[in-house]
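Trainee: I have a structure here that is new to me. Can we go through it one question at a time?

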Amino acid sequence: MKFQAFVVCLLLLAFCNRSYADEPKVSVLDNKGEKISINIGVILDMGTWEGKIVHSCIKMAVSDFYRLNGGYRTRIAHHVRDSGGDSLRSIAAALDLLENVEVQAIIIPKISNEELFLAKLGDRVNVPLLSFSSISSPNEHPYFVQVAEDENTQFHGIAAFLEAFKWKSFTFLYEDNTDARQAQTYIHDILQENHLNVAYQTAISLQATDNQIINELHKLMEMKASIILVHLSPSLASKVFLNAKILGMMSKGFAWIVTSKTMNLLDWEDSSVYESMEGVIGFRYYIPPSSNTRNLTLRLRREFQHNESNMEIRELNVFGLWAYDAASVLAEAVERVGIELFQNSSAGAEPKQLSFATLKVSNSGSDILSKIVSSTFTGLLGKFQLSYGKSVLEMYEVLNVIGNGERRVGFWTSAHGLTDKINPSLNSAAGILETIIWPGFSSTAPKKRWLLQKSGKSFRIAVPGKATFPELLSWDYDQQRGATTVSGFCIDVFRAAVDRLPYKLSIEYIPFDTDRYSYNDLIYQVYEQVHILFKLSEKHQSWKFSQFRARVFVVSYKFQLNICYRKNVHVILI
């Protein structure tokens with residue numbers, strides 16, 4: 001922690017000593033009615049396409065806003081800091097903007113779990129933080145404003161899509177980071193509300209190599225997984241699909257569904273990614289067509305053709321539109337607050353030494369936040385409205401990846417569910433989509449296959465002997481048939497649980513001698529991946545010790561269910 005604090009201080013010194021000659025200075029309203037500039041911070045990763053497009057859209061939004069509202073007395077002046085994609089640099093940039101520029105709000109497109117300190121900092125100094133990201137506890141941070149979609153909303157639409165094809169269980173691939181893991185609770189709640197089951201899920205690291213991804217895909221192949229939901233960033237999703245195509249998993253019989261996490265930025269990926277995703281279904285926030293959106297897209301194309309010749313803007317993605325609308329709502333909020341609260345600003349002085357104790361609490365921050373939260377206007381994405389600090393966006397388009405692009409096959413809204421039209425009539429049938437081309441150029445929807453255990457071997461269940469209450473658990477060994485018969489309440493519960501699994505299990509019950517060996521002996525051998533089981537020797541009519549490697553389920557007469565996971569070995573104690 002001390003080392004991180006030291007690094008933040010060093011980064012802050014770098015920001016403080018840097019000269020921003022192109023940044024506007026604060027102008028205080030005088031008797032002649034001069035416009036007053038209100039400082040706004042912007043923290044971006046300028047080394048990415050996303051950062052560059054967001055920066056350009058903010059500039060254009062501010063220019064367009066004051067061109068249309070020339071009589072307004074305030075002007076927002078945005079001060080940009082480049083985070084370089086590093087969390088510590090983002091924190092240092094925010095501290096610099098608050099201490100030395102005295103910004104009244106900060107726009108930061110992405111905020112990771114490591115950067116949640118910024119949300120706490122905004123609460124402390126009453127400075128609104130506008131972001132496109134969602135955080136796990138938005139109600140705890142009143143000054144954190146999510147101006148983008150809530151990622152979890154789309155899972156209601158995905159649940160409706162799965163139900164439309166009668167797929168009750170599926171495989172789930174998600175990104176291995178703190179944000180994604182925290183979102184799992186909300187996602188699973190939504191799916192369970194719709195009686196859907198995640199049969200198997202696995203987290204993939206953003207730094208995963210091709211070999212690691214191939215290993216995960218091999219697991220899915222061995223389990224005969226056919227319905228796969230992907231919730232990954234575009235760069236990681238592209239690696240998954242390129243390898244899935246090599247392994248033959250983009251063929252007939254498979255159904256791949258990707259979330260907006262991939263689709264929102266997919267157009268920035270190489271054309272080979274589209275080719276590997278042939279037949280994939282994707283959910284993406286719907287962007288209503290308008291002359292303003294087309295005009296902004298053309299302006300961005302011209303700008304990037306001149307300044308970034310290696311960047312091709314085919315269509316303006318939702319990140320640029322979020323940035324444009326966020327800057328517009330912020331400019332309107334500043335004007336509605338009134339100029340009186342800004343006249344005592346002292347920004348523009350020499351850089352100060354960082355002191356958390358002396359960070360000034362904004363006089364206008366709470367008023368700006370109130371105006372933002374109560375704002376309702378028609379932006380490039382349609383009606384802009386916030387609910388509990390989050391943007392209310394509940395319309396998605398369902399896309400089918402074909403060739404080097406996408407083809408829309410329908411929509412999902414919270415009001416109408418899945419439809420093939422954006423404004424369905426009262427007579428329109430719910431759940432009807434246009435024809436989908438599935439992987440392998442098939443027009444027939446894949447059928448869900450049972451997930452099979454990877455090894456193909458039987459699950460061997462160790463049953464302890466001499467239970468205190470035979471009504472709970474008992475077994476009997478038939479020497480003639482060479483089979484063990486088990487019965488009792490614990491066995492009934494275990495079989496009922498197995499019947500609920502979305503895949504088949506081949507089960508073999510084997511007696512376990514509790515007179516000679518304890519439960520601790522068994523658990524220790526499981527830990528070592530050498531499992532103690534006992535078989536009856538026909539010759540000596542006595543118990544004989546044997547060792548082999550297999551997954552072991554241990555059924556005892558305890559009333560609680562404990563699941564232990566270690567080295568890919570499962571032990572169940574009932």
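Mentor: Start with E406, and keep in mind that this is a predicted model. E406 has a relative accessible area of 28%. Buried means under 20% and exposed over 50%, so E406, with its 28%, counts as partly exposed.

Trainee: Which residue does E406 meet in a salt bridge, and at what N to O distance?

Mentor: E406 lies in strand β16, residues 405–413, and its partner lies in strand β10, so the pair ties together parts that are 122 residues apart in sequence. The partner's side chain is that of R284, and the N to O distance is 3.6 Å.

Trainee: Which other residue forms a salt bridge with R284, and is that residue buried or exposed?

Mentor: The closest N and O atoms of this second pair are 3.1 Å apart, and the partner of R284 is E397. This pair also links distant parts of the chain, with E397 in strand β15 (residues 395–402) and R284 in strand β10 (residues 281–285), 113 residues apart. E397 has a relative accessibility of 6%; the limit for buried is under 20%, so E397 is buried.

Trainee: Which residues are joined into one network by salt bridges that share partners?

Mentor: R284 has a salt bridge with E406, and R284 has one with E397. Through shared partners the network takes in R408 as well. Its members are R284, E397, E406 and R408.

Trainee: How many salt bridges does a search of the whole structure find?

Mentor: The bridges of R284 with E397 and with E406 have already come up. A further example is R299 with D64, where the closest N and O atoms are 2.9 Å apart. R299 is in helix α11 (residues 291–307) and D64 in helix α2 (residues 49–68), so this pair ties together parts 235 residues apart in sequence. Both R299 and D64 are buried, and the search of the whole structure gives a total of 12.

Trainee: Which helix packs against α2 at an angle of about 40°?

Mentor: The two axes are 8 Å apart, and the crossing is right-handed. On the α2 side the contact includes C57 and D64, while the other side includes F319, G320 and Y324. Those last residues belong to the helix of residues 318–337, which is α12.

Trainee: C57 is part of that contact. How many disulfides does the chain have?

Mentor: C57 is buried, with a relative accessible area of 0%. C490 is buried too, at 2%. A disulfide needs two cysteine sulfur atoms within 2.5 Å, and by this rule the count is zero.

Trainee: At what angle do α7 and α8 cross?

Mentor: Helix α7 covers residues 210–222 and helix α8 residues 234–246. D210, I213, I214 and L217 of α7 meet L236, K239, V240, N243 and A244 of α8. The crossing is right-handed, the axes come within 10 Å, and the angle is roughly 65°.

Trainee: What is the distance between the C-alpha atoms of N126 and V361?

Mentor: N126 lies in the loop between α4 (116–125) and β4 (129–131). Leaving aside neighbours within four places in sequence, N126 is in contact with Y143, V361, S362, G365 and S366. N126 and V361 are 235 residues apart along the chain, and their C-alpha atoms are separated by 5.9 Å.

Trainee: E102 and K166 each have a positive phi without being glycine. Which of them is buried and which is exposed?

Mentor: E102, with phi of about 55°, lies in the loop between α3 (87–101) and β3 (106–107). K166, with phi near 60°, lies in the loop between α5 (154–164) and β6 (169–175). Their relative accessible areas are 10% for E102 and 69% for K166. The buried residue is E102, and the exposed one is K166.

Trainee: What share of the residues in the chain is buried?

Mentor: The chain has 15 helices and 26 strands. Among its contacts between residues at least 6 apart in sequence, 69% join residues at least 24 apart. The accessible surface comes to about 27700 Å², with 50% of it belonging to carbon and sulfur atoms. Of the 574 residues, the buried share is 50%.

Note on methods. Residues numbered from 1 in each chain as written. Predicted model: local features only at pLDDT ≥ 70, side-chain atom pairs only at ≥ 80, totals over all residues. Heavy atoms only, no water. Helix = DSSP H or I, 4+ residues; strand = E, 2+ residues; numbered from the N terminus. Buried < 20%, exposed > 50% of the residue type's maximum accessible area, 1.4 Å probe, protein only. Contact = heavy atoms within 4.5 Å. Areas by Shrake-Rupley, 256 points an atom, 1.4 Å probe, with all protein chains shown as cover. Salt bridge = Lys/Arg side-chain N within 4 Å of Asp/Glu carboxyl O. Axes fitted to C-alpha atoms, helices over the stretch in contact; angles between N-to-C directions. Left-handed = near helix turned anticlockwise from the far one by under 90°.
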